[in-house]
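These are my notebook entries on what I looked up, set down in the order in which I went through it.

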Amino acid sequence: MDRLDLDERFASALQNFTEAVTTAAEDTEHNEAATDSQETTTDVNREYPYARVYARNAEGASFKDKLPENSKTISTELNTSRFSSAIWYNKVQEKVITIAGLGGIGSYVYYLLTRMQPSFITIYDPDVVEAVNMSGQLYSKEDLGKYKTQAMLDMAHKYSNYYRTGAFAEPFTSTSSATSIMICGFDNMEARKTFFNSWRKYVELRPASEQEHCLFIDGRLAAEEFQVFCIRGDDKYNINRYANEFLFSDSEADETICSYKQTSFMANMIGSIIINLFVNFCANDLEDEEKPLLERDLPFLTTYDASSMMFITNH
């Protein structure tokens, strides 16, 4: 699939997919034959292949199509009813997002995003959940031995009633598909470079008028401090600044923020800041009279130190 068309293909297919599933559900209510219901589900999957939800099986050898039923007692509207009047609400639900790295940063970010019901999320991580991950990442003892991608899918289903995820139990590479919004949760610089360069190439392929709709966020987490970089696609100055000044080698990173261990409270906190930036971006991405009177802040760099409880932002 052409990178330039990825967002549009996902968004269009998912909209049609949702409408088809809704129509199928209404038709099924008037049809007592169970086989007819199964045939309707099969037709929906065949007609909208890009809207399927993918998950690795236990061996990680193949993908399986999945069309789960929504909860009988919880609707998407109820899931988001406490913030549905926010100006960014509808815009968030249009977005297609990629998260790579499901450790202390990525696991919290993915969970918080699913609570907001965006159009589609793609996640990447080749690792299996281990007991040590429970010290700073959003996993439970029931997740031990699972791929992190599968554990995240299970959590999204259980706690967010969210099923629109493409899960890849593999590393994000230079051949992986980029999207307009990419959130980096890696703990090493080489993987971070690959992820950023993929997003940068994606942005450069888009018309200048569309680049402002692209967003890159990179979180870097320590036990009691963190950094978050936030760059919009039309911000050439900070794109170059980030590439030249903050994508140093792994040997240099060993002496910086990436080398410290995690704590759950800081992982939770950096996840919340990243979602705050995403929400601000969505608010600014509104059009015409829907736009906020004052553009919301999107600092290039946000840092936090737990010992002083001090936030610092740099534009």
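I began with strand β5 (residues 165–168; strands are DSSP E runs of at least two residues and helices H or I runs of at least four, numbered from the N terminus), where T165 and A167 point one way and G166 and F168 the other. All four are buried, meaning under 20% relative accessible area with a 1.4 Å probe, protein chains only. In a regular strand the side chains alternate between the two faces of the sheet.

I noted that this is a predicted model, in which local features need pLDDT of at least 70 and side-chain atom pairs 80 or more, while totals for chains, interfaces and linings use all residues. Residues are numbered from 1 along each chain as its sequence is written, and side-chain values use heavy atoms, without hydrogens and water.

Next I looked up the partner of β5: strand β4 (residues 120–124) runs parallel to β5 and is joined to it by four bridges, where pairing requires at least two DSSP bridges. Y124 stands opposite F168 in β5. With helix α6 (residues 148–160), β4 and β5 make a right-handed β-α-β unit, that is, with the strands pointing away from the viewer, the path from the first strand over the helix to the second runs clockwise.

I then turned to the largest nonpolar core (buried Ala, Val, Leu, Ile, Met, Phe, Trp, Tyr and Cys joined through side-chain atoms within 4.5 Å), which has 46 residues, with I99, Y110 and L113 making the most contacts inside it. Among the elements that each supply at least two residues of this core are β4 and α6, whereas its largest share, twelve residues, comes from α10.

Technical notes: Buried < 20%, exposed > 50% of the residue type's maximum accessible area, 1.4 Å probe, protein only.
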